[in-house]
Amino acid sequence: MIAKLIPRKVFFTSGVGTHPEKLESFEVSLRDAGIEKFNLVTVSSILPPNCEIVTKTDGLKELSPGEVVFCVMSRISSNEPGKTLSTSVGCALPRDINKHGYISEYHAYEESAQDVGEHAIKLAGSMYSTWINEAPLKTFSIPRSSSVQESGDWTTVISAAIFII
């Protein structure tokens, strides 16, 4: 019998990393977010029915180093001094927990964390509302922002929803 890969829990996190190498700035952002030990696979925007939202601390306790972990991730990088980088993951919770909700990802240059957070909420809410023709129970976002240092080192900003199967 083949088991279905339906996440039963999710937590939200974000991180910022800076390094002379682009790839290593991404690694540092994963460390800042606490998710560097996993093999991350990005997926699209569905919050499964009955998926429990847990804290990052509680969620990390259920994952093992090297585990393949599914996530919805917003990611942006630059090495242009002074450039502002912002990411957000938005979530629209269903009114009926037996139905699915939506998770959106959004990133932008030269927008504030507040602005990308509001945009991610708008996206998640819109995807939910156009599916079921009603407003979601609740919406929220996990925005993060940083500016590239004058040294021109790479900066990477991430926001993510991390699923636990």
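## Aromatic pairs

In this predicted model, the count of aromatic pairs comes to 3. One of them joins Y102 and W131: the ring centres are 6.5 Å apart and the planes stand at 65 degrees, so the pair is edge-to-face. Y102 belongs to strand β7 (residues 101-109) and W131 to helix α3 (residues 113-132); with their positions 29 residues apart, the pair links distant parts of the chain. Y102 is buried, at a relative accessible area of 12%, while W131 is partly exposed, at 37%.

W131 also pairs with Y128. Here the centres lie 5.9 Å apart with the planes at 65 degrees, so this pair too is edge-to-face. Both Y128 and W131 sit in helix α3, 3 residues apart, which is about one turn of the helix. Y128 counts as buried because its relative accessibility is 1%, under the 20% limit for that class. Together, Y102, Y128 and W131 make up one aromatic cluster.

## Nonpolar cores

The largest nonpolar core has 15 residues, and F11, L30, I35, L63, M73, I158 and I162 are the members that touch the most others. At least two residues of this core come from each of α1 (22-33), β5 and β9 (154-164). Strand β9 gives the largest share, with 4 residues.

Which residues does L63 contact, leaving aside neighbours within four places in sequence? They are F11, F38, V69, I162 and I164. F11 and I162 are also listed, with L63, among the core members that touch the most others. Another core, of 12 residues, lies apart from this one; among its members are C51, V72, F140 and F163.

## Salt bridges

A search of the whole structure gives 8 salt bridges. One of these is formed by E62 and R8, whose closest N and O atoms are 2.8 Å apart. E62 is in the loop between α2 (56-61) and β5, and R8 is in the segment before β1, so the pair ties together parts separated by 54 residues in sequence. Both partners are partly exposed: E62 has a relative accessibility of 31%, and R8 has one of 40%. R8 and E62 are also linked with K9 in a network of salt bridges.

The side chains of D58 and K61 form a salt bridge with an N to O distance of 3.8 Å. Both residues lie in helix α2, 3 residues apart, or about one turn of the helix. D58 is partly exposed at 38% relative accessibility, whereas K61 is exposed at 64%. A further salt bridge joins K37 and E36, at 3.4 Å from N to O. E36 is partly exposed, with a relative accessible area of 24%.

## Surface patch

V41, V43 and V68 form a nonpolar patch on the surface, and their accessible area together is about 200 Å². V68 is located in strand β5 (residues 68-78). Is V68 buried, partly exposed or exposed? It is partly exposed, because its relative accessibility of 48% falls between the limits of 20% and 50%. Strand β5, where V68 is found, is also one of the elements that supply at least two residues to the largest core.

## Positive phi angles

Most residues other than glycine have a negative phi. Two residues are noted here for a positive value. N50 has a phi near 60 degrees although it is a residue other than glycine. N50 lies in the loop between β3 (46-47) and β4 (52-53) and is partly exposed, with a relative accessible area of 45%.

E110 likewise has a positive phi, near 60 degrees, in a residue other than glycine. The place of E110 is the loop between β7 and α3. These are the elements that hold Y102 and W131 respectively.

## The segment before β1

K4 is in the segment before β1 (9-19) and counts as exposed, at 70% relative accessibility. How far apart in space are K4 and I164, C-alpha to C-alpha? The distance is 13 Å, for two residues that are 160 apart in sequence. I164 is one of the contacts of L63. R8, the salt-bridge partner of E62, is in the segment before β1 as well.

Note on methods
Residues are numbered from 1 along each chain as its sequence is written. This is a predicted model: local features need pLDDT of at least 70, side-chain atom pairs count only at pLDDT 80 or more; totals for chains, interfaces and linings use all residues. Side-chain values use heavy atoms; hydrogens and water are left out. Patches are made of residues with over 30% relative accessible area and no salt bridge: like charges are joined within 9 Å, nonpolar side chains (Val, Leu, Ile, Met, Phe, Trp, Tyr) within 5 Å. Accessible areas come from the Shrake-Rupley method with a 1.4 Å probe; for residues, only the protein chains shown count as cover. A salt bridge is a side-chain nitrogen of Lys or Arg within 4 Å of a carboxyl oxygen of Asp or Glu. Buried means under 20% relative accessible area, exposed over 50%, partly exposed in between (1.4 Å probe, protein chains only). A nonpolar core is a set of buried Ala, Val, Leu, Ile, Met, Phe, Trp, Tyr and Cys residues joined through side-chain atoms within 4.5 Å. Contact means heavy atoms within 4.5 Å. Rings of Phe, Tyr and Trp (its six-membered ring) pair if their centres lie within 6.5 Å; planes under 30 degrees apart count as stacked, over 60 as edge-to-face and the rest as tilted.
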